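Biologist: Could you walk me through this model, and show me how each label is earned?
Modeller: Gladly. Take a look at it, and then ask away.

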Amino acid sequence: MAMKQVACSAIKAVANSGSSSVLTRQLHVSPGSKKIVGVFYKANEYFTKNPNFVGCVEGALGLRQWLESQGHQYIVTDDKDGPDCELDKHIPDLHVLISTPFHPAYVTAERIKKAKNLQLLLTAGIGSDHVDLKAAAEAGLTVAEVTGSNVVSVAEDELMRILILVRNFLPGHHQVISGDWNVAGIAYRAYDLEGKTVGTIGAGRIGKLLLQRLKPFNCNLLYHDRLKMDPELEKQTGAKFEEDLDAMLPKCDIIVVNMPLTEKTRGMFDKHRIAKLKKGVLIVNNARGAIMDTQAVADACSSGHIAGYSGDVWFPQPAPKDHPWRYMPNQAMTPHISGTTIDAQLRYAAGVKDMLERYFKGEEFPVQHYIVKEGELAPQYR
């Protein structure tokens with residue numbers, strides 16, 4: 001019943017989408033069929049297990065019948081990497097490319113140069129750093145994402161990961177699977193969350209939701225962001241603003257990364273910054289893997305300086321089998337899953353459909369969805 005209500009809400013959101021002023025010159029759509037390519041992860045046998053599983057190749061965001069009934073061509077694939085991949089076959093003549101952060105199509109400057117008909121890059125979800133945004137802006141392309149579509153999903157997942165690390169959950173789970181029973185092997189480094197200092201780097205939509213969810217645990221909450229939160233929300237959460245990131249980090253028992261990947265944040269957590277963190281710190285990163293220096297994190301987990309690291313973001317994605325985070329100790333890593341719950345899929349599928357409808361009509365998108373518009377990047381990517 002809950003799933004049906006979510007589906008109905010998503011459908012209503014598309015049906016009620018209004019029109020606004022004419023879009024930029026680059027998106028002034030000429031009549032005729034458009035070639036739209038979607039790049040999503042493959043569901044295989046899992047597709048038939050849930051009728052609302054739309055965020056995969058087989059589900060195709062639920063757009064196929066609608067697009068083809070209007071005369072558009074819709075190609076969907078998971079094959080996105082390498083010189084002979086399926087995506088590259090369609091780059092020269094596609095008009096719209098849809099991708100997701102969970103199985104990103106890396107839209108490089110080279111691909112943009114080859115895409116002579118490309119007008120619109122849509123992210124089904126949040127986070128468009130898989131696109132070379134500078135190259136997209138210079139080419140006059142529009143880049144947009146479904147802002148807010150999976151913020152609840154990611155914030156809930158972050159809270160789960162914090163508890164998994166603090167309570168040293170995974171070793172106990174592994175004991176059960178292997179037939180062992182050793183309470184001491186778990187309890188010697190299991191703690192309560194209450195009273196711990198938790199700092200979020202970034203207090204945007206996801207960071208704010210996380211702080212609200214942490215409030216009942218009676219933690220000491222800190223946040224660093226380029227903008228201060230509304231005073232009322234600060235009062236509600238009890239979170240304290242820290243202007244100086246490097247002053248905040250050593251205070252934290254738990255650090256949560258909630259900022260976008262930009263040229264400024266790429267590799268931000270290198271061995272030098274990690275060395276300044278409290279020994280035994282726990283880190284949750286559902287933002288982007290490339291914010292971390294991969295080997296520096298693995299080394300710090302091995303030495304015990306980082307007592308636990310959890311997240312669902314890697315670089316590149318999918319992560320290669322020899323990625324060091326797969327094998328480092330005290331990790332609770334998963335594939336990129338936090339923002340692709342069934343509820344989130346329905347929301348970002350509805351958001352993509354809404355933007356495609358507006359694109360076909362030459363209408364503006366909701367302003368918060370734009371990442372690149374008229375050669376300008378959204379503030380968070382500048």
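**Labels and the values behind them**

Modeller: Let's begin with a pairing: β10 and strand β11 (residues 306-311) run parallel, and 5 bridges join them. Please keep in mind that this is a predicted model.

Biologist: What makes β10 and β11 count as paired?
Modeller: Two strands pair if at least two bridges are found between them. β10 and β11 have 5 bridges, so they count as paired. One bridge partner in β11 is G308, which belongs with L282.

Biologist: How do you know that strand β9 pairs with β10 too?
Modeller: The test is again at least two bridges. β9 (residues 254-257) is joined to β10 by 4 bridges, so this pair passes, and the two strands run parallel. In this pairing, I254 stands opposite L282 in β10.

Biologist: Why is strand β10 called largely enclosed?
Modeller: A residue is buried when its relative accessible area is under 20%. In β10 (residues 281-285), 5 of the 5 residues are buried, so the strand is largely enclosed by the rest of the structure. V281, I283 and N285 point one way, L282 and V284 point the other way, and all are buried.

Biologist: Which helix joins β10 and β11 in a β-α-β unit?
Modeller: That is α13, and the unit is right-handed. Helix α13 covers residues 294-303, and S303 lies in it.

Biologist: Why is S303 called exposed?
Modeller: The cut-off for exposed is over 50%. S303 has 52% relative accessibility, so it counts as exposed. In space, S303 and P329 are 9.2 Å apart, C-alpha to C-alpha, and in sequence they are 26 residues apart.

Biologist: What is there to see in the loop between β11 and β12?
Modeller: P316 has its place there, and a cis peptide bond with omega of about -5 degrees joins F315 and P316. P318 lies in this loop as well; the bond from Q317 to P318 is cis, with omega near -5 degrees. N330 is also in the loop between β11 and β12, and its phi is near 55 degrees, a positive value in a residue other than glycine.

Biologist: Is N330 buried, exposed or partly exposed, and how do you know?
Modeller: Partly exposed lies between the 20% and 50% cut-offs. N330 has a relative accessible area of 34%, so it is partly exposed.

Biologist: How does E374 fare by that test?
Modeller: E374 reaches 54%. Exposed means over 50%, so E374 counts as exposed. E374 sits in the loop between β13 (370-373) and β14, and its phi is positive, about 50 degrees, although it is not a glycine.

Biologist: What makes β2 and β14 edge strands?
Modeller: The open sheet has 7 strands in the order β2-β1-β3-β4-β5-β13-β14, with mixed pairing. β2 and β14 (376-377) each pair on one side only, and they are its edge strands. On β2's paired side is β1 (residues 35-39), parallel to it over 5 bridges; the bridge partner of K35 in β2 is Q73, and G38 stands opposite V76.

Biologist: Why is β2 called mostly covered?
Modeller: Buried means under 20%, and 4 of the 5 residues of β2 (residues 73-77) are buried.

Definitions and conventions
Residues are numbered from 1 along each chain as its sequence is written. This is a predicted model: local features need pLDDT of at least 70, side-chain atom pairs count only at pLDDT 80 or more; totals for chains, interfaces and linings use all residues. Side-chain values use heavy atoms; hydrogens and water are left out. Buried means under 20% relative accessible area, exposed over 50%, partly exposed in between (1.4 Å probe, protein chains only). A crossover is right-handed if, with the strands pointing away from the viewer, the path from the first strand over the helix to the second runs clockwise.
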